[in-house]
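Reader: Please take a close look at the side-chain packing in this model, and begin with the matter of disulfides. I would like one connected account, with burial and backbone included where they bear on the picture.

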Amino acid sequence: MKHFLRMLFQVCLYFYCKFLWRCLKFVMRKLTGRCELQRICYNTKPGASRTMKIETSLRDSKSKLLQTSVSVHPDAIEKTIEDIMELKKINPDINPQLGISLQACLLQIVGYRNLIADVEKLRREPYDSDNPQHEEMLLKLWKFLKPNTPLESRISKQWCEIGFQGDDPKTDFRGMGLLGLYNLQYFAERDAAAAQQVLSDSLHPKCSKFSKAEWEKKRMDKAIGYSFAIVGINITDLAYNLLVSGALKTHFYNIAPEAPTLSHFQQTFCYLMHEFHKFWIEEDPMDIMEFNRVREKFRKRILRQLQNPDMALCPHFAASEGLINM
C-alpha cells in the first residue's frame, strides 16, 4: 500500500509540474512576446548549453512538428525551420538570426543521431579476413605503429608486439567489430608519434626494448604495462557507450559548429587513449587484473567532466570562434 501511494504521489506530481510548466511558458510568452525557442536562442550562448535546451524544448513540445524536427533528414532542416517559424507566428524578416540559430542547433541534433547510426554500423560489421579492404586496414595499422619492423607474415606472433592477444588479430575485433580497427588505425595514422609513444610506454619492462635502468629514467618503473591494441578496443567501447548514452553531446555540441562526424568521434577516441594512458600511470596498478577498476574510475572522471555544459574534451579540435549558431 505504501509503495502504491508513493507511485500515485509521483504520478500526480509529474502531471502537476507538467501542467504548471505549460502555464509558465504561456505566461512568459505573453510577458516577453517571445516563444520558448526565441528565449533560448537570444538568452543562451551558442554551443552545448543552447543546443541541449533547444533539443529538450522540441522533444517535450506538444506539437508533432516540433517533436519530429529532431529526427528529420538533414536536407529537410531548412524547410522544417520555415514550418516552425510559421507555426510559432515568428516573422523571419524581423527575427533573421533566429532561423540561423535554430538551423545550426538542428544540424547538431540531427547530426548526433546520424553519427550514432554510422558508429553503430561499423560496430556491427565483423572483421572479415577475406575482405581485401579489412586486411589492408589491418596491415596499415602495423605499418603505422611499427614503421621500421616488417611484418613477417599475416599470421604471426608479431601481432602481440602491438598488443593483440594471439597471432591473428581478427579474433580480437569481435566485441567492437570494424569500429575498433577504424579507431586504432586513425590514432596510429593521424597521431603517429603519440601513438608510437603510447605503444612503447604500454609495454612492460620485461618485454620492452628498454633496460630497467632506462625505464626508471622514464619515471615509469612502477607502472605495469598493458596490451595496446586490446586497450584501444576497450577504449573504443567506452567512447561508443558515451556516445550512445548521450554523454558526448556536451563535447560534440561545443566543438562541431554543425553536424558532428565520424572524424569528431575518432578524434575523441584519440583523446581518450591519451588520457587513459596518463591515468593508468598515475593510478600505478599492482597488475593488469586491476584494469577494470582503473577503467571504471576513468569512465566516471570523464562523465563528471561532461556534466559541465562548457566542456570540450579535446579543445584543440574545437571549432573556430565564428560558430554558425552565434
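Author: A disulfide is counted here as a pair of cysteine sulfur atoms within 2.5 Å. In this predicted model, the number of such pairs is zero. C41 takes part in no disulfide, since the nearest cysteine sulfur, that of C105, lies 5.4 Å away, while the cut-off is 2.5 Å. Seen from the other side, C105 is likewise in no disulfide, and its nearest cysteine sulfur is that of C41. Burial can be added to this picture, because a residue counts as buried when its relative accessible area is under 20%. C41, at 5% relative accessibility, is therefore buried, and C105, with a relative accessible area of 0%, is buried too.

From the cysteines we can turn to the packing of helices. The axes of α6 and α8 come within 5 Å and cross at roughly 110°, so these two helices are roughly perpendicular to each other. On the side of α6 the contact is made by V119, L122 and R123, and on the side of α8 by L178, L179 and Y182. By residue class, the contact of α6 with α8 holds five nonpolar residues, one charged residue and no polar ones.

Helix α8 also leads into the aromatic side chains. A pair of aromatic rings is described by the distance of the centres and the angle of the planes. The model has 15 aromatic pairs under the rule that ring centres lie within 6.5 Å. In one of them, the rings of F187 and F269 have centres 6.3 Å apart and planes at 90°, which makes the pair edge-to-face. This pair joins distant parts of the chain, as F187 belongs to helix α8 and F269 to helix α13, 82 residues apart. Both F187 and F269 are buried.

Helix α13 contributes to another pair, that of F276 and F298, whose ring centres are 5.4 Å apart and whose planes stand at 80°, so this pair is edge-to-face as well. Here F276 of helix α13 meets F298 of helix α14, with their positions 22 residues apart in the chain. F276 is buried, with a relative accessible area of 1%, and F298 is buried with a value of 0%. F276 and F298 are also part of a cluster linked by ring pairs, together with Y226, F279, W280 and F291.

The loops complete the account. The loop between α13 (262-283) and α14 (291-306) contains D284, which has a positive phi of about 50° although it is not a glycine. Most residues other than glycine have a negative phi. D284 is partly exposed, with a relative accessible area of 31%. K89, in the loop between α5 (77-87) and α6 (96-124), also has a positive phi without being a glycine, with a value near 55°. K89 is exposed, its relative accessible area being 72%.

Q158, by contrast, is buried, with a relative accessible area of 9%, although it too is placed in a loop, the one between α7 (132-145) and α8 (178-190). Apart from its neighbours within four places in sequence, Q158 is in contact with W142, T149, P150, L151, E152 and S153.

Terms used
Residues numbered from 1 in each chain as written. Predicted model: local features only at pLDDT ≥ 70, side-chain atom pairs only at ≥ 80, totals over all residues. Heavy atoms only, no water. Buried < 20%, exposed > 50% of the residue type's maximum accessible area, 1.4 Å probe, protein only. Helix = DSSP H or I, 4+ residues; strand = E, 2+ residues; numbered from the N terminus. Contact = heavy atoms within 4.5 Å. Axes fitted to C-alpha atoms, helices over the stretch in contact; angles between N-to-C directions. Parallel < 35°, antiparallel > 145°, perpendicular 65-115°, else oblique. Nonpolar A, V, L, I, M, F, W, Y, C, P; charged D, E, K, R; others polar. Phe/Tyr/Trp six-rings, centres within 6.5 Å; stacked < 30°, edge-to-face > 60°.
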